[in-house]
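Trainee: I have just opened this one and would like to go through it with you. Could we take it step by step?

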Amino acid sequence: MIEKKLIKCETLGESYIQATHSSGLKIYIMSKPDYSSAHAIFGTKYGSIDTKFRLADTDEFTLIPEGTAHFLEHKLFESEDGNAFERYAKTGAYANAYTSFDRTCYLFSCTSQFEENFDILLDFVRHPFFTAETVEKEQGIIGQEIRMYDDEPNWRVCFNLLSALYSRHPVRIDIAGTTESIAEITADMLFECHRNFYNMSNMFICVAGNVDVDAVLDQIDRQIDDQKGCEVIRGLHDEPREINTPYVEQRLAVAKPLFNLGFKEACDVPEKTLKERIVTAILLEIISGKSSSLYERLINEGLINESFDSEYFNGFGYAAEIFDGESSEPQRVADEIKAEIKRLRREGIDPDAFTCAKNSLYGQMVMQYNVIDRIVSDLVATAMSGDGLFDEMDVFAAITLDDVTECLNTQLNEEYSALSVILPTE
Amino acid sequence: MTEKIVKNEIALGVVGVYIPTTRFKTARLSVEFELPLAEETASANALLPFLLTGCSKEYPTSLIISRRLDNLYGANLECSCEKRGDSQVLKMSITSIENKYSLDDRDIVGECADMLISLIFNPLVENDRFDEKSFQKERRLMVEKIDGEINNKRNYALYRCESELLKGEPASIARYGSREGQLALTSADIFTAWKRVLSTAFIRVGYLAAEPDESVFDRFKSAFATIERQPEPIVPPVVSPAKAIVSEIEDRMAVNQGKLVLGFRSSSYGDDRDTYRLMVLSDLFGGGPYSLLFDNVREKMSLCYYCASRTNRRKGFLTVDSGVEFANMDKTYDEILNQLNRLKNGDFDDSLLDASKKSLCESFRALGDSQSVIDRYYADRVHSDNPPTPDEMGELVRSVTRDDIIHVANSLKLDTVYRLKATEEMKK
């Protein structure tokens, strides 16, 4: 049984179907018949931060090793009679999976045989098969993946920052875990995590592209039984408001120092609202976007290069504005950013800069409906947050300069900032 | 992609190409300048597109450019410098929302075309020199881009192997020229390069939108009317055999993981068919997760996270790269050659060949779903009078047989081996 509704956006000329299966599975489908390909994601709200959880029908929290969600993602492709890649090889679909902080997603894209591919996806994600032997084999492969990221300066500078900002929240740990933590993972543990996190109430399906919506819904209804799973409750980690340490550095084989400057925000409620996220994105664009006077000054003075960027990094129990780039003087760039924030607080935001940032972000929002995999990612974000896909257009239109000024005056507090630097090896 | 692509001549050696793309909310205008790769000109050429998109008479600073783009609803101005066979290709493009999404009924697409033309034809020059401040800034950024290539170890390792493999050929010159070449440039050199590029490069102007718009190409026709065109012919890329003795090179850095890259040359690489044969061979050797290298080096032997094969279709070579423990480098090397031997001996299932062909056909069919990808697809084939459509490419791939794979595998000869290892200090 599936309940569905059609959601439209007149401005964009786009629409999608949002549906709920009686098992609790959430479904989002945007049909784009003039495209050749279709992309599908079957995902669970289970990522690297979920090292502590409980089921709604129990009181006790369970702890699991760091990197388990990612490990499970790797192993789920295997079944008793071969692996999912072998099955996809028969249709030619591109298949992959990824684990982030708060989700694990299995995906494929194809231009033909959608039904066969979707059958494979619905099947292997729900049917785990692990043995002690296959778990051990994967420890070698993931061990090399971790090693690869150990040499990736952009990755390291970011995780070093997160461990400077956060003392307890698992967002501070690499998504793949550590060589030590993954050594603790057993087949039984993976089965248990699968039972808990891969129940339909905790999962979603997002599809976009050249598909027949009703056929996709029918296929889901045929394959998934109605039994409702138990809700998973994420554990909070008593993260203090304070940062862990204001400065962290590491040496790697790089040409020029890399930096991440982060401002840790309070998370009194675990998740930021859509409006808070958009207002902060506009503010960051005003402070340090390519059209800001700060960006122009820093680049003209030779203090940054085109890698300079900013983002509002946020999820369950964590939120931080992060400025990142390369500079021979990271500390000076950090000081300049902080000084610019103070200046804007003192002098106020230029209304023209606000209009510019808004115009630019509006265009980018329209453009993202060009690309099928981008649409699917946005549908996944929708499934995760519970907001509607087009809500951002409405929320965005209503944002005023006062909203952004208030954000400037309440967020980006220096007291809660930390700087992470990667220095070249001597 | 059933609609017709329309080509027209804008000026001598300047071709305008309209590609209808009805599925997108954007229009894209791209300009490519193709020139022979040469030591003397590579650095100046490489800097040019960055300088042209960073300042002009009408938009004297990058801040003014950036604010103008915001005003054009976040239009995306991009530039790059790439290698294509033995050529250097300078690219500039602007992508904007189509006019119907504008909130104030403006001709956004036309304004974007005017902006791109203004940047290319009316740069910030005086007394035969580019503006000194802008030149110094863009050159610094370029030198940092060159220096920063070491940061991504996987790409750096591939680049090192390819440069060695191509030694002595124009294609061995790095896409941005060299650090020294950049530092030796003056603002007057870039002015000379600008003149030379506008006059001698082979130029393609691509326009991708839902509806054709003659006025876009007319604007370029007027702009080129002021230029005295003397286009230099573009010579087809040279394809060389493997070296008699395998080159083995090695770097040491403070790294946690070793990188191994093997470069192979095909001894019988010539006609178009070889392109598709090598493409299919590479895919079943180390393309998708069904490939021999993925299945054996990664899955069965747990030696790595990635072990992948790729080809350069213009230069007819193939590379295999992997990130491995230092202690496992030799074992990985042996296994890569062992898997290649299986292809040479025909020791692979037909199902593997089918999987590769299906996967490649799928990717060709999906090309039209990205405006920039479809632009690149046709730009890469600009010298063909009648390039195959992505669907026709699929047909060509399907025609590759088991014997073709065995034949191409036997034509591959190891040319270069690159190893990135840890410094003595890191090993401790």
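Trainee: To begin, which side chain does Arg219(B) meet in a salt bridge?

Mentor: Keep in mind first that this is a predicted model. In the model, the side chain of Arg219(B) meets that of Asp114(B) in a salt bridge, with 2.8 Å from N to O. Arg219(B) belongs to helix H8 (residues 214-225) of chain B and Asp114(B) to helix H3 (residues 108-121) of chain B, so the salt bridge ties together parts that lie 105 residues apart in sequence.

Trainee: And are those two buried or exposed, or something in between?

Mentor: Arg219(B) counts as partly exposed, since its relative accessibility is 22%, and Asp114(B) also counts as partly exposed, at 39%.

Trainee: Okay, what about Asp86(B), what does it pair with?

Mentor: Asp86(B) forms a salt bridge with Lys315(B), and the closest N and O atoms of that pair are 2.9 Å apart. The two come from distant parts of the chain, 229 residues apart: Asp86(B) sits in the loop between strand E4 (76-84) and strand E5 (87-97) of chain B, while Lys315(B) sits in the loop between strand E11 (304-312) and strand E12 (317-324) of chain B.

Trainee: Why does Lys315(B) count as buried?

Mentor: Lys315(B) counts as buried because its relative accessible area is 1%, and the limit for that word is under 20%. Asp86(B) is buried as well, with a relative accessible area of 9%.

Trainee: Which residue does Asp415(B) meet in a salt bridge?

Mentor: The side chain of Asp415(B) meets that of Arg265(B), and here the N to O distance is 4.0 Å. Asp415(B) lies in strand E13 (residues 412-422) of chain B and Arg265(B) in strand E10 (residues 258-266) of chain B, so this salt bridge ties together parts that are 150 residues apart in sequence. Asp415(B) and Arg265(B) are both buried.

Trainee: How many salt bridges are there over all chains?

Mentor: The count comes to 64 salt bridges over all chains. Some residues are linked in a network of salt bridges, namely Glu32(B), Glu34(B), Glu82(B), Arg84(B), Lys91(B), Arg376(B) and Asp380(B).

Trainee: Switching to cysteines, how many disulfides turn up over all chains?

Mentor: A search of the whole structure finds zero disulfides over all chains. Cys55(B), for example, is in no disulfide, and the nearest cysteine sulfur, which belongs to Cys79(B), is 12 Å away. Cys55(B) counts as buried, with a relative accessibility of 0%.

Trainee: Then why is there no bond between Cys307(B) and Cys304(B)?

Mentor: Cys304(B) holds the closest cysteine sulfur to that of Cys307(B), but the distance is 5.0 Å, which is too far for a bond, because a disulfide needs the two sulfur atoms within 2.5 Å. Cys307(B) counts as buried too, at 7% relative accessibility.

Trainee: Let's go over to chain A. Which residues gather in a patch of negative charge on the surface?

Mentor: That patch of negative charge is formed by Asp212(A), Asp218(A), Asp221(A), Asp225(A) and Asp226(A). One of them, Asp218(A), lies in helix H8 (residues 213-223) of chain A, and Asp218(A) counts as partly exposed, with 45% relative accessibility.

Trainee: What about the backbone, what is the phi of Gln113(A)?

Mentor: Gln113(A) has a positive phi of about 55°, although it is not a glycine. Gln113(A) is in the loop between strand E10 (104-110) and helix H3 (114-126) of chain A, and at 33% relative accessibility Gln113(A) counts as partly exposed. In chain B, Asp128(B) is not a glycine either and has a positive phi of about 60°, and Asp128(B) is found in the loop between strand E6 (125-126) and strand E7 (129-130) of chain B.

Trainee: Last topic, distances: what separates the C-alpha atoms of Glu3(A) and Leu344(A)?

Mentor: Those C-alpha atoms are separated by 49 Å, and Glu3(A) and Leu344(A) are 341 residues apart along the chain. Glu3(A) is in strand E1 (residues 2-9) of chain A and counts as exposed, at 60% relative accessibility. For a pair in chain B, the C-alpha atoms of Val216(B) and Lys57(B) are separated by 21 Å, with their positions 159 residues apart along the chain. Val216(B) is found in helix H8 of chain B and is buried, with a relative accessible area of 1%.

Definitions and conventions: Residues are numbered from 1 along each chain as its sequence is written. Chains are lettered from A and ligands numbered from 1 in the order in which they are written. This is a predicted model: local features need pLDDT of at least 70, side-chain atom pairs count only at pLDDT 80 or more; totals for chains, interfaces and linings use all residues. Side-chain values use heavy atoms; hydrogens and water are left out. Patches are made of residues with over 30% relative accessible area and no salt bridge: like charges are joined within 9 Å, nonpolar side chains (Val, Leu, Ile, Met, Phe, Trp, Tyr) within 5 Å. Accessible areas come from the Shrake-Rupley method with a 1.4 Å probe; for residues, only the protein chains shown count as cover. Lys and Arg count as positive and Asp and Glu as negative; His and the chain ends are not counted. The place of a charge is taken as NZ of Lys, CZ of Arg, CG of Asp or CD of Glu. Helices (H or I, at least four residues) and strands (E, at least two) are DSSP runs, numbered from the N terminus. Buried means under 20% relative accessible area, exposed over 50%, partly exposed in between (1.4 Å probe, protein chains only).
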